[in-house]
Amino acid sequence: MKEISNSELVVLQQLWQQSPLTSSEIVDALEHSHDMHEKTVKTLLNRLVKKQAVSFEKQGRVYHYSPLIAEQDYTLKESLSFVERMFAGKLTPLVAGFAQKNKLSADDVAELQTLLDDWKKEQK
């Protein structure tokens, strides 16, 4: 999977919310939410197509765009990359940092505990 810029990610996120979309529909949505102009959006769409992150289907004179990358797959890839770059692949310092700054809610802790319990069961 090729690297996706922050601006390209905004377009991809729009397509994850709803697809297929025409370039005009994407432009309309992003003009209001991210102050992106038509030419910028179309350039980003072309880049995403070249990176094989987005596909298109031509229907008459209109192009309909759809994501080729699943949001969950992209999120996992980026999360793993972040942890590798920032924490040498170790998750503990990341979670410890959040815990020390009181950024973990009781719900977060409960979810983490459930994940750990499930992981322990799978290891047996």
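1. A residue is called buried here when its relative accessible area is under 20%, and exposed when that area is over 50%. By this cut-off, 23% of the 124 residues of the protein count as buried. The model is predicted, and every value in this note was computed from it.

2. Overall fold. The protein contains six helices and three strands. Read from the N terminus, the elements follow the order α-β-α-α-β-β-α-α-α. The radius of gyration is 19 Å, whereas the globule rule gives 14 Å for 124 residues; the value is well over the rule, so the protein is more spread out than a compact globule. The C-alpha trace spans about 55 × 35 × 25 Å along the principal axes.

3. Contacts across the chain. Among the contacts with a separation of 6 or more, 50% are made by residues 24 or more positions apart.

4. Surface and charge. The exposed area of the protein comes to about 9300 Å², with 51% of it supplied by carbon and sulfur atoms. There are 16 positive and 18 negative charges, and the mean positions of the two sets are 7 Å apart.

5. Nonpolar core. In soluble globular proteins, nonpolar side chains tend to be buried together. The largest nonpolar core in this model has 21 residues, of which Ile 4, Val 11, Leu 15, Ile 26, Leu 30, Val 41 and Leu 45 touch the most other members. Helix 1, helix 2 and helix 3 are the elements that give two or more residues to this core. Helix 1 gives the most, with six residues.

6. Leu 45. Leu 45 is among the core members that touch the most others. Once neighbours within four places in sequence are set aside, the contacts of Leu 45 are Val 11, Leu 15, Ser 23, Ile 26 and Tyr 65. Of these partners, Val 11, Leu 15 and Ile 26 are also listed with Leu 45 among the core residues that touch the most other members.

7. Gln 14. This residue sits in helix 1, which covers residues 6-17. Its relative accessibility is 14%; the limit for a buried residue is under 20%, so Gln 14 counts as buried. Beyond four places in sequence, Gln 14 is in contact with Leu 21, Ala 29 and Leu 30. Leu 30 is also one of the core residues that touch the most other members.

8. Cis peptide bond. The bond from Ser 19 to Pro 20 is cis, with omega near 0°. Pro 20 is in the loop between helix 1 and strand 1, the latter formed by residues 21-22.

9. Positive phi at Asp 35. Asp 35 is not a glycine, yet its phi is positive, at about 55°. The residue lies in the loop between helix 2 (23-34) and helix 3 (38-50). With a relative accessible area of 59%, Asp 35 is exposed.

10. Positive phi at Gln 52. Gln 52, again a residue other than glycine, has a positive phi near 60°. It is placed in the loop between helix 3 and strand 2 (54-59). Its relative accessible area is 60%; exposed means over 50%, so Gln 52 is exposed.

11. Helix 6. Ala 106 belongs to helix 6, which runs over residues 106-123. The relative accessibility of Ala 106 is 65%, and the residue counts as exposed. Asp 118 follows Ala 106 by 12 residues along the chain, and the C-alpha atoms of the two are separated by 18 Å.

Note on methods. Residues are numbered from 1 along each chain as its sequence is written. This is a predicted model: local features need pLDDT of at least 70, side-chain atom pairs count only at pLDDT 80 or more; totals for chains, interfaces and linings use all residues. Side-chain values use heavy atoms; hydrogens and water are left out. Helices (H or I, at least four residues) and strands (E, at least two) are DSSP runs, numbered from the N terminus. The radius of gyration is taken over C-alpha atoms; the globule rule is 2.2 Å times the number of residues to the power 0.38. Buried means under 20% relative accessible area, exposed over 50%, partly exposed in between (1.4 Å probe, protein chains only). Contact means heavy atoms within 4.5 Å. Accessible areas come from the Shrake-Rupley method with a 1.4 Å probe; for residues, only the protein chains shown count as cover. Lys and Arg count as positive and Asp and Glu as negative; His and the chain ends are not counted. The place of a charge is taken as NZ of Lys, CZ of Arg, CG of Asp or CD of Glu. A nonpolar core is a set of buried Ala, Val, Leu, Ile, Met, Phe, Trp, Tyr and Cys residues joined through side-chain atoms within 4.5 Å.
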